[in-house]
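Grab a viewer and work through the exercises below. Try each one yourself before reading its solution.

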Amino acid sequence: MEFLPIILSILASIIVGISKAGVKGIGVFFVILLAYAYEPKISTGILLPLLIVGDLFAIIYYKKNIVWKYIFQLIPWMAIGVLFATLTGDIIDEIAFKRLMSIVIFLSVLIMLFMNDKMSNLISKHWSFGPLLGGAAGFTTMIGNAAGPLANIYFIAMKVKKKPFISSSAYIFFFINVIKLPFHIIFWKTINYYSLIESLMMIPFVFLGLIIGVYIVDKITEKYYSKLILILTAGSSIFFLFS
């Protein structure tokens, strides 16, 4: 690897750890950095093992805070989204997809920032909320590992507190990322011996990011956690749009 791709890969790995430790809303940055370091589709296969390592850490560290109902509400629909993305991944215009997702995420954040509790309850309790967010998150996580913003919107709309948010999100993405493995190995062939070597070299930096992330999360009060995540999610969607 050349010098710049190495720097981008290390930085992306640290951000993976920080994000998985609970600083949600910054996941788009590690997706984009790795896409610059490698080809976009190849980068998804290199990134997936790093995400699974981060998910496992969060599951273990926040294991007492899990809320199973959120997992059962999202995972079936996310799995359907993953399957659909696998079948259509080779025919989707990646630039158009990025732009559409950025606009949808940014508008969703704006709506959540300005809607009152009555509107929030109405939307989050509607029968279609979980299937729509889950299916969209599954699709985007397979196409570009960019489902984090949609998951953030779901958990914030459901008014989930900080640690249950982190723990439940980690379980969901661990299950979905494991489901994605055979599709990457067999169908897209983006995970192989060479990609795994690249992933293994980055894992120490993921752990460094996890340590940093835990420290940051502990410093964020419950009162401001959801607002911070919304702001980071909105910012990352704009970055995603123009990257």
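**Exercise 1.** Decide whether Asp 55 is buried or exposed in this predicted model, and find what surrounds Asp 55.

*Solution.* Start with the accessibility. Asp 55 has a relative accessible area of 1%, and buried means under 20%, so Asp 55 counts as buried. Next, place it on the chain: Asp 55 belongs to helix α3, residues 40-61. Now list its contacts, skipping neighbours within four places in sequence: Lys 20, Ala 170, Phe 173, Phe 174 and Asn 177. Finally, check one of these partners. Lys 20 is 35 residues from Asp 55 in sequence, yet their C-alpha atoms are 6.2 Å apart.

**Exercise 2.** Work out how helices α4 and α9 pack, and what kinds of residues make up their contact.

*Solution.* First, get the geometry. The axes of α4 (residues 68-88) and α9 (residues 162-187) come within 9 Å, with a crossing angle of roughly 20 degrees. Angles under 35 degrees count as roughly parallel, so α4 is roughly parallel to α9. For the handedness, the crossing is right-handed.

Then pull out the residues that meet:

- from α4, the list includes Trp 68, Tyr 70, Leu 74, Met 78 and Val 82;
- from α9, the list includes Tyr 171, Phe 173, Ile 176, Lys 180 and Phe 187.

Sort the full set by type and you get 17 nonpolar, two polar and one charged.

**Exercise 3.** Which residues have the most contacts inside the largest nonpolar core? Pick Tyr 154 and describe its surroundings.

*Solution.* The largest nonpolar core holds 69 residues, and Phe 30, Leu 47 and Tyr 154 have the most contacts inside it. Take Tyr 154, which sits in helix α8, residues 148-157. Its relative accessibility is 1%, so Tyr 154 counts as buried. Leaving out residues up to four places away in sequence, Tyr 154 touches Tyr 70, Gln 73, Leu 74, Phe 129, Gly 130 and Leu 133. Two of those names, Tyr 70 and Leu 74, also turn up on the α4 side of the contact with α9. For a distance check, use Gly 134: it is 20 residues from Tyr 154 in sequence and 8.7 Å away, C-alpha to C-alpha.

**Exercise 4.** Zoom out: how many helices and strands are there, and what share of the residues is buried?

*Solution.* Count the elements and you find 11 helices and zero strands. Then turn to burial: of the 243 residues, 54% count as buried. Last, look at contact range. Among contacts between residues at least 6 apart in sequence, 86% join residues at least 24 apart.

Methods: Residues are numbered from 1 along each chain as its sequence is written. This is a predicted model: local features need pLDDT of at least 70, side-chain atom pairs count only at pLDDT 80 or more; totals for chains, interfaces and linings use all residues. Side-chain values use heavy atoms; hydrogens and water are left out. Axes are lines fitted to C-alpha atoms, for helices over the stretch in contact, and angles run from 0 to 180 degrees between N-to-C directions. Helices (H or I, at least four residues) and strands (E, at least two) are DSSP runs, numbered from the N terminus. Angles under 35 degrees count as roughly parallel, over 145 as roughly antiparallel, 65 to 115 as roughly perpendicular and the rest as oblique. A crossing is left-handed if the near helix is turned anticlockwise from the far one by less than a right angle, and right-handed if clockwise. Contact means heavy atoms within 4.5 Å. Ala, Val, Leu, Ile, Met, Phe, Trp, Tyr, Cys and Pro count as nonpolar, Asp, Glu, Lys and Arg as charged, and the others, Gly among them, as polar. A nonpolar core is a set of buried Ala, Val, Leu, Ile, Met, Phe, Trp, Tyr and Cys residues joined through side-chain atoms within 4.5 Å. Buried means under 20% relative accessible area, exposed over 50%, partly exposed in between (1.4 Å probe, protein chains only).
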